[in-house]
Amino acid sequence: MEALVFVFSLFDCCALIFLSVYFIITLSDLECDYINARSCCSKLNKWVIPELIGHTIVTVLMLLSLHWFIFLLNLPVATWNIYRGSRCP
């Protein structure tokens, strides 16, 4: 069970890193005026909730599998994602 939790968390972290790179590239395109602000917001807003879900799942799995230190490391980021997701229209 423990190995499955860490394998899932590895794949989930890879997906979250991919999303972070996508956010940076999209914001870079906005800064260089390749896309307008409305287009940038529509591209990024649709990925906020999946990012929130992915990070929250990993945090809850670490809590359920009794990995307290990893859970405490993930808790501030999960809290920030929940706050950011609640403000998303």
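A helix, as the word is used here, is a DSSP run of H or I that covers at least four residues, and helices are numbered from the N terminus. With that in mind, the reader can turn to this predicted model and find A78, which lies in helix α4.

Is A78 buried or exposed? Its relative accessible area is 5%, and because buried means under 20% relative accessible area, A78 counts as buried. Leaving aside residues up to four places away in sequence, A78 touches H55 and T59. Another residue to look for from here is L19, which is 59 residues apart from A78 in sequence, while the C-alpha atoms of A78 and L19 are 15 Å apart in space.

From the helix we move to the loops, where the backbone angle phi deserves attention. Most residues other than glycine have a negative phi. Against that background, which sign does the phi of D33 have? D33 is not a glycine, and yet its phi is positive, at about 65°. This residue sits in the loop that runs between α1 (2-31) and α2 (37-45), and D33 is exposed, with a relative accessible area of 66%.

A second loop, the one between α3 (48-64) and α4 (68-86), holds L66. Although L66 is not a glycine either, its phi is also positive, at about 65°. L66 has a relative accessibility of 56%, and because exposed means over 50%, L66 counts as exposed.

How values were computed: Residues are numbered from 1 along each chain as its sequence is written. This is a predicted model: local features need pLDDT of at least 70, side-chain atom pairs count only at pLDDT 80 or more; totals for chains, interfaces and linings use all residues. Side-chain values use heavy atoms; hydrogens and water are left out. Helices (H or I, at least four residues) and strands (E, at least two) are DSSP runs, numbered from the N terminus. Buried means under 20% relative accessible area, exposed over 50%, partly exposed in between (1.4 Å probe, protein chains only). Contact means heavy atoms within 4.5 Å.
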